[in-house]
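Colleague: I am new to this structure and would like to go through some of its packing with you. Could we take it one question at a time?

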Amino acid sequence: MTLSLASLNKKASPEASFATALEIQGQYPLKGHVNISGAKNAALVVMAGTILCSGDCRLRNIPNLSDVQRMGQVLSSLGVQVSHNPDALEFNARDFHCTEAPYELVSQLRASFFIIGPMLARLGEASVPLPGGCAIGARPVDLHVRGLQAMGAHVQIEHGVVKAAVPGPNRRLKGAKIYLDYPSVGATETLMMAATLADGETTIENAAQEPEVVDLANFCKSMGARIWGAGTKKIVIEGVARLHSTDYEIIPDRIEAATFLIAGAITRSEISLSPIVPDHLTAAIAKLGEIGCKIVIESPNHLRIIPAYEIKASDITTMPYPGFPTDMQAQFMALLTLSNGDSTISETVFENRMRHVAELNRLGANIRVKGNTAIVRGVPLLSGAPVLATDLRASAGLILAGLAAEGTTIVQDLQHLDRGYERLDLKLQKLGARLRRLSVNDTTEIATATIPPLQVAAQ
């Protein structure tokens, strides 16, 4: 069965694509256990990596998300056979032949740019539009381009399309020594995939150390790639002639896990979650401990949060892994709005990731923005209101705030949420949260969520 956006929506959540808002009745306690889905950011790049294999790849624990569906469409458009069964997605790139990725698909998904590395490795040519995704910053591709050029590719950008080709009779990339000016996850992953089939040894210095980079390396190694050092600042790849079939399981989503930990903290509820990798959550667990919560690791892949009676103020600076993740900034900001004292949150990864501040203030938070830093003065209570989700992680932060707020909160623009969380609303319902999706047909209810302009206080 060929994977399509419609078929996967029908399979898992027939109403998801038609829902425009989430209505939350706040201040209900949560209780129970939540199952953590596969990591979105690992799944997308591993899916791109299936292009490297000329045989079959079976991927397990892939979350059913709109971004995953779009990546499946991108791969299908390039000639990769994509199908699904109840417990896995299956890919066959034996007949992969297309060197031009479609603009209408790539422009919707930032992660789809990852395909340029494996496309060049397999075919020696690639034409990929500049990517889209959440509007949280520029996120340029210059590091990808310079790395591919170091490996012998001729690269030019024309009319918003990156065109790359490998000269020579065998059209094979060559090993190179690459230094990244910034430990970009995307550039590290793109170049690592490109190097797996290159002629010779490639060294990536100042590489990203995120768990998703390690997961991609492990996936490639399961196909026969020779990679050392993933998870450190120096990755070494010795190119091989071809990669073989594999059956691989994606790691649990550390951002989803941390989001549920905050759900317990902000509602002062004790909940447990699995499967998780505790080492992937070190920064979030440490910060929750500083705030006053207790995290109990009950088994190697199972933990429980015991919330704090009083949330302490704390300062946060987002940094590349193993630092505090930028993808948890909005969720922790929601929690700190209810802290006892003043907190500062500095965003150093993306320059446009504070747009949720205005929406949290609409719920009664007291947050001021100065440059890339938010000053959060804790308040005793949030009050329900209509708010607008501005990006993926902002939507999660607003939902968390709505769980703690008095009264009804309506979060609009759920398409952001469904890009990165596998039915967060259903998982919260199972824990006891009072919330529901509002269909586009609920015109009366949606009308009540009309949001007037609101300015962010700045200094």
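Colleague: Which residues is T190 in contact with, leaving aside its neighbours within four places in sequence?

Modeller: This is a predicted model, where local features need pLDDT of at least 70, side-chain atom pairs count only at pLDDT 80 or more, and totals for chains, interfaces and linings use all residues. Residues are numbered from 1 along each chain as its sequence is written, and side-chain values use heavy atoms, with hydrogens and water left out. Taking contact as heavy atoms within 4.5 Å, and leaving aside neighbours within four places in sequence, T190 touches F114, I116, G117 and H144.

Colleague: Is T190 buried or exposed?

Modeller: T190 lies in helix α7, residues 185-196, a helix being a DSSP run (H or I, at least four residues) numbered from the N terminus. Buried means under 20% relative accessible area, exposed over 50% and partly exposed in between, with a 1.4 Å probe and protein chains only. Because its relative accessibility is 0%, T190 counts as buried.

Colleague: Which residues in α7 do I116, G117, P118 and A121 in α5 meet?

Modeller: Helix α5 covers residues 116-123, and its axis and that of α7 are 7 Å apart at an angle of about 15 degrees, the axes being lines fitted to C-alpha atoms over the stretch in contact and angles running from 0 to 180 degrees between N-to-C directions. Across this packing, the four α5 residues I116, G117, P118 and A121 meet, in α7, T190, M193 and A194.

Technical notes:
Helices (H or I, at least four residues) and strands (E, at least two) are DSSP runs, numbered from the N terminus.
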